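Q: Please take a close look at one part of this model: the aromatic cluster. Then set that part in its surroundings.

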Amino acid sequence: MISCHDYVYLSGPMTGLPDCNRPAFFDAEAYLQQVIGCCVFNPARTPEMPNWEGYMRFDLPYMAKATMLVQLDGWERSRGARIEHELALMAGVPVLPLDEIKQASGVAILKLRNHFHDWRN
């Protein structure tokens with residue numbers, strides 16, 4: 001699973017979506033940093049580029065350094081996210097959907113809360 005030691009690369013659809021889907025990327029980044037405590041590369045923070053290829057050239061070196069690829073909903077419909085997915089698999093980088101991380105961390109948080117509650121009583 002994911003830990004605070006991971007360097008996470010966020011992957012998901014951007015092109016053609018309102019505000020390039022930045023709100024979803026920023027929400028995912030905040031969640032991973034606040035709940036998991038890991039370092040996140042968020043492509044929504046990439047400086048303005050002249051075209052799609054420019055974004056890919058800028059972002060992919062960060063993907064190469066990642067210890068985990070986290071996918072946002074709809075990644076399958078994104079050409080760039082599909083490329084990132086394939087590169088991660090080829091490089092042996094674990095790939096996890098954000099929803100799966102949220103579900104697992106939610107269960108862990110509930111277990112900690114229950115343990116703390118039991119300890120106090």
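A: What follows starts with the overall fold, moves to the ring pairs, and then turns to the pocket and a few single residues.

This is a predicted model. The protein chain holds four helices and four strands. From the N terminus, the order of the elements is β-α-β-α-β-α-β-α. The chain has 121 residues, and 39% of them are buried. Take the contacts between residues at least 6 apart in sequence: 69% of these join residues at least 24 apart.

Now the rings. The cluster consists of Tyr9, Phe41, Phe58 and Tyr62, linked by ring pairs. The count of aromatic pairs is three. Tyr9 and Phe41 form a stacked pair, because their ring centres are 5.2 Å apart and their planes meet at 15 degrees, under the 30 degrees that stacking requires. This pair links distant parts of the chain. Tyr9 sits in strand β1, residues 7–11, and Phe41 in strand β2, residues 39–41. The two are 32 residues apart. Both Tyr9 and Phe41 are buried.

Phe41 also pairs with Tyr62. Here the ring centres are 4.4 Å apart and the planes are at 10 degrees, so this pair is stacked too. Phe41 belongs to strand β2 and Tyr62 to helix α2, residues 52–65, so the pair ties together parts 21 residues apart in sequence. The two partners differ in burial. Phe41 has a relative accessible area of 10%, so Phe41 falls under the 20% limit and is buried. Tyr62 has a relative accessible area of 29%, which makes Tyr62 partly exposed.

Charges also sit over rings in this model. Arg79 lies over the face of Trp52, 3.5 Å from the ring centre. Lys102 lies over the face of Tyr31, at 5.3 Å from the ring centre.

Trp52 leads on to the pocket. The largest pocket holds about 420 Å³ of space. Its lining has 24 residues. Nearest the pocket centre are Gly12, Met14, Thr15, Trp52 and Tyr55. The elements that give two or more residues to this lining are β1, α1 (22–36), α2 and α3 (79–91). So strand β1, where Tyr9 sits, and helix α2, where Tyr62 sits, both contribute to the lining. By class, the lining has eleven nonpolar, eight polar and five charged residues.

Trp52 also has a neighbour in helix α3, the element in which Ile83 is placed. Leaving out residues up to four places away in sequence, Ile83 touches Trp52 and Met56. Ile83 and Met56 are 27 residues apart in sequence. In space, their C-alpha atoms are 9.5 Å apart. Ile83 is partly exposed, at 32% relative accessibility.

Next, strand β3, residues 68–71, which contains Gln71. Gln71 has 5% relative accessibility, so Gln71 counts as buried. Its contacts, beyond residues up to four places away in sequence, are Ser11, His85, Val95, Leu96, Pro97 and Leu98.

Two of those contacts, Pro97 and Ser11, form a spaced pair of their own. Pro97 and Ser11 are 86 residues apart in sequence, while their C-alpha atoms are 9.4 Å apart. Pro97 lies in strand β4, residues 95–97. At 34% relative accessibility, Pro97 is partly exposed, whereas Gln71 is buried.

Last, the start of the chain. Cys4 lies in the segment before β1. Its relative accessibility is 44%, so Cys4 is partly exposed. Not counting residues up to four places away in sequence, Cys4 touches Ile36, Gly37 and Cys38. Cys4 and Cys39 are 35 residues apart in sequence and 7.4 Å apart in space, C-alpha to C-alpha.

Back to the cluster. Ring pairs link Tyr9, Phe41, Phe58 and Tyr62. Phe41 stacks with Tyr9 and with Tyr62. Tyr9 and Phe41 are buried, whereas Tyr62 is partly exposed.

Key: Residues are numbered from 1 along each chain as its sequence is written. This is a predicted model: local features need pLDDT of at least 70, side-chain atom pairs count only at pLDDT 80 or more; totals for chains, interfaces and linings use all residues. Side-chain values use heavy atoms; hydrogens and water are left out. Buried means under 20% relative accessible area, exposed over 50%, partly exposed in between (1.4 Å probe, protein chains only). Contact means heavy atoms within 4.5 Å. Rings of Phe, Tyr and Trp (its six-membered ring) pair if their centres lie within 6.5 Å; planes under 30 degrees apart count as stacked, over 60 as edge-to-face and the rest as tilted. A charge sits over a ring if NZ of Lys or CZ of Arg is within 6 Å of the ring centre and within 35 degrees of the ring normal. On a 1 Å grid over the protein atoms alone, a cavity is a set of points where a 1.4 Å probe fits but cannot get out, and a pocket is an open set with protein on both sides within 12 Å along at least five of seven lines; lining residues have an atom within 4 Å of a point. Grid points are joined across faces, edges and corners, and a volume is the space filled by probe spheres set on the points. Ala, Val, Leu, Ile, Met, Phe, Trp, Tyr, Cys and Pro count as nonpolar, Asp, Glu, Lys and Arg as charged, and the others, Gly among them, as polar.
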